[in-house]
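Hi everyone, thanks for making time for this one. I'd like to walk you through a chain I have been looking at, from the inside out, and then take your thoughts.

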Amino acid sequence: MPTLVNYSGDDEFYTGGSACSADSSLLLCIGSHTNVYCPPRKRSRISGPFVFGGHMFEEEKKSSIETLPNECLYEIFRRLPGGRARSASACVSKRWLMLLSSVRNFEICRSKSTHEGSDADTIDESFNDIKFVSAEEDLEFECDGHLSRSLEGKKATDIRLAAIAVGTASRGGLGKLSIRGSNSIRGVTNLGLSAIADGCPSLRTLSLWNVPSIGDEGLCNIARECHLLEKLDLCQCPLISSKGVIAIAENCPNLTAITIESCSNIGNGSLQAVGRCCQKLHSITIKDCPLVGDQGVAGLLSLTTSVLTKVKLQDLNITDFSLAVIGRYGKAITNLVLSKLQKVSQKGFWVMGNAQGLQKLVSLTITSCRGTTDVSLEAMGKGCPNLKQMSLRKCCFVSDKGLIAFARSAGSLESLQLEECNRITQSGILGALSNCNSKLKSLALVKCMGIRDLPLEATMLSPCKSLRFLSIRSCPGFGSASLAMVGKLCPQLHHLDLSGLIGISDAGLLPLLESCEAGLVK
């Protein structure tokens with residue numbers, strides 16, 4: 001075997017200073033009288049010459065693309081030939097990923113020969129705390145063709161949002177983004193949301209729930225870039241104020257639905273801006289926002305009279321004035337939900353009904369509102385001629401008199417639900433069935449503790465032949481005598497639900513079965 005190390009300077013080996021041919025890479029100079037033979041090997045990902053000094057090898061400092069400032073890298077990244085190249089570059093380091101995510105969609109230099117739509121680009125790398133999964137697992141396709149992404153809990157970080165923005169940019173970007181919660185250590189901030197704004201200008205739905213680190217800056221970036229936004233859902237976002245919502249309203253004219261819940265810094269100005277700028281708004285939900293008052297609700301409703309169809313107001317500091325505005329300007333409203341409005345009195349509901357503006361109202365739900373009384377309930381029945389579905393929950397001031405008057409005045413009523421209305425008794429229920437119109441098809445009673453099983457004569461009551469669905473649940477006072485009476489009044493029942501009724505026996509059930517002319521289906 002030939003000698004690999006030769007101290008005599010034989011012709012078989014090059015000397016330290018004479019290595020000048022193409023094979024010089026096989027020799028590594030150590031000293032003037034020592035030559036070492038290095039066999040060919042695969043090139044390392046990162047390689048460089050080593051210099052022997054003393055008893056240690058030191059890696060020689062080399063020039064690298066990493067030494068370029070961010071401005072230079074930014075110009076390089078925006079000139080990458082396609083989405084696949086950008087996605088691959090984003091896998092190199094967090095620095096590259098964040099720089100790529102800051103490149104706006106319109107700033108990307110596209111060549112005419114590049115067909116980026118055919119690239120199935122995604123990022124599939126690990127950056128210490130996070131793994132980017134494949135497109136099939138990471139993204140969902142909505143029925144309208146837009147990409148959808150949902151992040152929950154510890155998966156919600158800025159790095160992941162940046163990766164989504166870069167990976168989906170070549171396919172038109174996200175159409176829907178939902179963030180539920182945030183990573184407790186590296187949560188979502190304005191930086192991550194800004195990456196989505198820059199990379200996904202076609203975003204149409206944005207939902208942020210319990211994201212305490214996102215503020216007005218992130219929302220303003222969405223407003224600046226995502227002009228196609230149609231739906232906005234904000235819940236428990238304490239750093240977002242009216243400033244961010246106003247920016248959305250002024251820059252996103254296609255908004256059709258807004259939900260704002262438990263956001264302590266969003267007030268009247270935001271709703272006024274929405275009413276002024278969003279002429280396509282169909283649905284709005286405002287819940288538990290202490291800064292929202294009559295000025296915001298009035299400003300919103302008075303400016304969206306022709307398009308707004310669904311309104312939900314819950315746990316707000318509004319008064320009778322807001323309900324008067326609803327009754328006057330809610331000409332297009334078909335679905336109205338009012339809940340926990342403690343400052344609204346009987347007068348507010350009475351005016352809302354008598355204002356004659358809710359002509360198209362189809363569904364009305366009222367929960368825990370002290371102002372709902374017999375007088376106001378009758379007024380709403382008269383003022384809403386097309387009302388088909390009525391739900392009263394925890395309305396403690398509604399009695400038999402108001403229920404019967406409402407049933408008589410609501411000429412289009414098809415469904416009635418009463419839950420925890422404890423002043424309503426057996427007489428009120430039977431009276432409502434006897435006095436209702438010929439369209440009532442469904443009646444549901446839940447936890448109405450005022451009902452007592454008393455024997456009554458049904459001969460004086462008119463039958464309700466239109467009723468098909470009857471549900472009585474957890475009403476302990478509803479017994480066999482009441483059930484038999486209902487059977488005589490409602491001979492066309494098809495569906496019957498009796499749950500949690502300890503007073504029901506054969507004495508009540510058998511007469512009901514005998515009275516059902518069409519026969520029970522379920």
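Let me start with a term: by a nonpolar core I mean a set of buried Ala, Val, Leu, Ile, Met, Phe, Trp, Tyr and Cys residues joined through side-chain atoms within 4.5 Å. Please also keep in mind that what you see is a predicted model.

With that in hand, which residues touch the most other members of the largest nonpolar core? That core has 114 residues, and the ones with the most contacts to other members are Ile196, Leu206, Leu208, Ile222, Leu336 and Met390. As a general background, nonpolar side chains in soluble globular proteins tend to be buried together.

Take Met390 from that group. Setting aside neighbours within four places in sequence, Met390 is in contact with Leu364, Ile366, Leu377, Phe406, Leu413, Ser415, Leu416 and Gln417.

Now let me step back to the whole chain. There are 17 helices and 19 strands. Of the 522 residues, 49% are buried. If you take the contacts with a separation of 6 or more, 80% of them come from residues 24 or more positions apart. On the outside, the chain exposes about 25,600 Å², with carbon and sulfur atoms supplying 53% of that area.

Next, some strands. Ser415, which we just met as a contact of Met390, has Ser442 as its bridge partner in S17. S16 and S17 run in the parallel sense and pair over five bridges. How many residues of strand S17, residues 442–446, are buried? Five of its five. Ser442, Ala444 and Val446 point one way from S17, while Leu443 and Leu445 point the other way, and all are buried. In other words, S17 has buried residues pointing both ways.

A helix for contrast: H9, residues 268–277. Its buried residues are Asn268, Ser270, Leu271, Ala273, Val274 and Gly275. The buried residues of H9 pack against helix H8 (242–251), S10, S11 and helix H10 (294–303).

S10 and S11 come up again when we turn to salt bridges. The count for the chain is six. One of them joins Glu261 and Lys287, with the closest N and O atoms 3.4 Å apart. Glu261 lies in strand S10 (residues 257–261) and Lys287 in strand S11 (residues 283–287), so this pair ties together parts that are 26 residues apart in sequence. Lys287 is partly exposed, at a relative accessible area of 24%.

Another salt bridge joins Arg393 and Glu419, where the closest N and O atoms are 3.3 Å apart. Arg393 sits in strand S15 (residues 389–393) and Glu419 in strand S16 (residues 415–419), so here too the pair ties together parts that are 26 residues apart in sequence. Arg393 is partly exposed, with a relative accessible area of 28%. There is also a network: salt bridges that share partners join Asp198, Arg224 and Glu225.

And here is a salt bridge inside one helix. Lys382 pairs with Glu378, the closest N and O atoms being 3.4 Å apart. Both lie in helix H13 (residues 374–383), four residues apart, which is about one turn of the helix. Lys382 counts as exposed at 54% relative accessibility, and Glu378 as partly exposed at 28%.

Two buried spots deserve a look. Is Gly173, in the loop between helix H5 (158–168) and strand S7 (174–180), buried or exposed? Gly173 is buried, with a relative accessible area of 6%. Beyond four places in sequence, Gly173 is in contact with Leu147, Thr168, Gly199, Cys200 and Ser202. The C-alpha atoms of Gly173 and His146 are separated by 8.3 Å, and the two residues are 27 apart along the chain.

The other spot is Ser482, in helix H16 (residues 480–489). Ser482 is buried, at a relative accessible area of 1%. Not counting residues up to four places away in sequence, Ser482 touches Gln426, Arg452, Asp453 and Leu454.

Finally, the surface. Leu510, Leu513 and Leu520 make a nonpolar surface patch of about 240 Å². Of these, Leu510 lies in helix H17 (residues 506–515) and counts as partly exposed, at 47% relative accessibility.

That's the tour; over to you for comments.

Note on methods. Residues numbered from 1 in each chain as written. Predicted model: local features only at pLDDT ≥ 70, side-chain atom pairs only at ≥ 80, totals over all residues. Heavy atoms only, no water. Buried < 20%, exposed > 50% of the residue type's maximum accessible area, 1.4 Å probe, protein only. Contact = heavy atoms within 4.5 Å. Patch = residues over 30% accessible without salt bridge, like charges linked within 9 Å, V, L, I, M, F, W, Y side chains within 5 Å. Areas by Shrake-Rupley, 256 points an atom, 1.4 Å probe, with all protein chains shown as cover. Salt bridge = Lys/Arg side-chain N within 4 Å of Asp/Glu carboxyl O. Pairing = 2+ DSSP bridges.
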